[in-house]
Structures are given as structure tokens and as C-alpha cells.
Amino acid sequence: MSQQDPWIPIEPDWEAILEKYPNPIQALAEMRTPAPVIRQAYNPAHCEGLTQRFIEKDLMYDQDRHYNNPSVVPTERIDIGTSLGNRGNSPEDFFSHAEETHALFETLFDGYDNPVSTLYENLARLAPGKRIVTAYEPDGRRYGPAIFRIHYGGASYSPHFDSVRWRENRVNYEVYRFEHQLAGILCFQNSEIEGETAQSILHRCLWQPEIAHHITDNTFHQYAAENNIENVQVDLEVGDLYFFNTRCIHEVPGIKGKSPRTVLAIFIGYSPDDDEVFVWA
């Protein structure tokens with residue numbers, strides 16, 4: 001594909017996405033589109049109800065209390081779930097915590113549509129003909145199925161990429177086998193100030209070793225300007241879902257609104273010749 005071809009998200013639903021790309025996961029892997037976007041994939045009212053449940057169960061901080069006294073939150077991010085990035089250096093700790101997450105998620109969504117199931121069902125449409133499974137090791141140990149990331153105090157992500165192969169080099173985990181790593185993000189709550197929200201910015205640039213220093217030196221914006229690398233902003237409302245290639249350089253600006261920015265996220269392992277698509281967090 002020429003760099004001059006339009007590089008825009010495909011939305012608002014699967015009818016539009018599949019009309020453009022009958023095999024959308026391969027289009028993502030090849031960077032032919034920055035993101036399939038499914039509007040209102042999940043009921044916004046259920047996002048609100050589950051957020052209140054998370055507060056009542058002490059899984060996240062009350063946003064009003066935090067806004068009035070930021071010192072009650074000792075960190076900018078709280079996870080509900082098991083992060084391979086944070087816990088993967090200790091496989092024993094990682095897989096033990098993942099089983100706790102599976103147990104928690106068995107009842108956490110009772111009375112509401114299951115948002116993890118929503119992610120998996122939409123991923124099945126992204127990857128037609130593939131089996132969608134929570135990642136597992138040959139001995140049966142399971143990874144976490146998904147993760148809620150709750151960001152307080154204007155937490156942001158500068159230009160970066162995510163990869164268990166190219167960044168974390170986790171050769172001792174089964175997810176390393178996949179040629180491509182993607183992500184799915186369901187917007188659960190926006191942080192907002194005067195109508196402005198923190199949204200994802202995707203750059204039309206796959207990470208390569210020769211640009212690594214622009215990431216670590218925080219000079220990627222200059223590099224992108226000098227090389228005419230285009231970008232798109234993915235604007236999401238509560239209940240919206242999108243998928244993207246995590247080797248694509250991406251960033252999220254910070255917005256210090258009253259409400260924390262909350263997403264339900266998954267990582268996705270995909271290889272064209274593999275019958276299974278792995279999901280983890």
C-alpha cells in the first residue's frame with residue numbers, strides 16, 4: 001500500500017468494516033487501516049453501573065473523593081485484572097494472579113452484560129475462521145482474560161509501542177510465538193474537561209530497531225514531522241470499542257478531569273497460519 005493511500009479508521013459497525021475488509025485482522029496486521037471502530041459495542045449504562053460496583057467493592061477509588069483530595073490515590077493507574085507487562089518477570093506470581101482474576105470475573109459482572117464477552121465476540125468478527133481463546137501455556141496455565149485500566153490525575157502515554165516479542169522479549173511465554181500483536185480497547189469512562197477527552201493517537205509508523213532511540217529519547221514527534229508520518233486520532237464515547245496494531249507507534253494525552261479514564265483492554269496474538277488467536281492482558 002502506498003503511503004499516499006487514505007489511512008483512516010473504519011466505522012461505525014461491522015457491516016462497514018467487513019464490506020471494506022473481509023479479513024479485518026489481516027488488514028490491521030498489514031497496517032492497511034489504523035483501526036476498526038465499533039460504536040456502542042457495549043451498553044453505556046452498564047459501564048456506569050459496573051463502575052459504581054467497582055467502587056463499592058474497593059477495586060477502584062471513588063472519583064469524587066479523589067478529585068477533592070488527590071492524595072488519597074497513591075498511583076496514577078489502578079488495574080482490575082492481571083498484567084503480563086507488570087507481573088511477567090515472575091511466572092509463578094503472574095499465573096497465580098491470573099487465576100484470581102478468572103475467579104473475580106466469574107461473578108463481577110452479574111446482572112450486567114459481560115464486557116469481557118463483548119470484547120471476545122467482537123474479536124471473533126475481526127478474525128473470521130479463527131478460534132478465539134484466552135492465552136494458555138502448554139501445561140494448561142491460563143493468562144488473565146482482560147484488564148480494566150483506570151487512570152487518575154491526567155495519566156498519559158507518550159509515543160510508544162507494545163510487543164511481547166520486540167519490546168519485552170518474553171521468550172519463555174507461549175504468546176511470544178505469534179507474528180503479530182494487536183489490542184482491543186473498550187471505552188468504559190472518559191476523563192473530560194470542557195468537552196475535551198483523552199483519546200488515542202495512532203501514527204502510521206511500525207516500530208523498527210532504527211527508530212528505537214526516537215522512542216527512548218522522546219524525539220518521535222520531531223522524527224514524524226521530518227518524515228511526514230501521518231497520524232489519526234481515535235475519538236471514543238463510553239461503550240465504543242476499537243482494535244489496533246500495537247507495533248504501530250501510539251500515544252494517549254492526559255486530561256485531568258474529575259472522572260478517571262477507564263478502559264477494558266486486551267492484547268491479541270495473531271499469525272495468519274495459526275488456527276488460534278490468543279487473548280491476554
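Biologist: What makes the space of about 620 Å³ a pocket rather than a cavity?
Modeller: In this predicted model, the largest pocket holds about 620 Å³ of space. A pocket is an open set of points, whereas in a cavity the probe cannot get out, so the open kind earns the name pocket.

Biologist: Which residues are the closest to its centre, and how many line the pocket?
Modeller: There are 35 lining residues, and R149, Y157, H160, D162 and I185 are the closest to the centre of the largest pocket. A residue counts as lining if it has an atom within 4 Å of a point.

Biologist: Lovely. Which element gives the most to that lining?
Modeller: That is β13, with five residues. Other elements that give two or more include α5 (84-87), β4 (147-151) and β6 (180-189).

Biologist: How do the lining residues divide by character?
Modeller: Into 18 nonpolar, 11 polar and six charged. Among the residues at the centre, R149 and D162 are charged, because Arg and Asp count as charged.

Biologist: Now to the sheet. Why are β5 and β10 said to stand at the edges?
Modeller: The open sheet runs β5-β12-β9-β10 with antiparallel pairing. Both β5 and β10 (231-234) have a single partner strand, so one side of each lacks a neighbour in the sheet. On average, neighbouring strands here are turned by 20° against each other, direction ignored.

Biologist: And how do you know that β9 and β10 pair?
Modeller: Pairing needs at least two bridges. Strand β9 (residues 200-206) and β10 have four, in the antiparallel sense, so they count as paired. In one of these strands, β10, N231 is the bridge partner of H203.

Conventions. Residues numbered from 1 in each chain as written. Predicted model: local features only at pLDDT ≥ 70, side-chain atom pairs only at ≥ 80, totals over all residues. Heavy atoms only, no water. 1 Å grid on protein atoms, 1.4 Å probe; cavity = no way out; pocket = protein on both sides within 12 Å on 5 of 7 lines; lining within 4 Å. Points joined across faces, edges and corners; volume = space filled by probe spheres on them. Axes fitted to C-alpha atoms, helices over the stretch in contact; angles between N-to-C directions.
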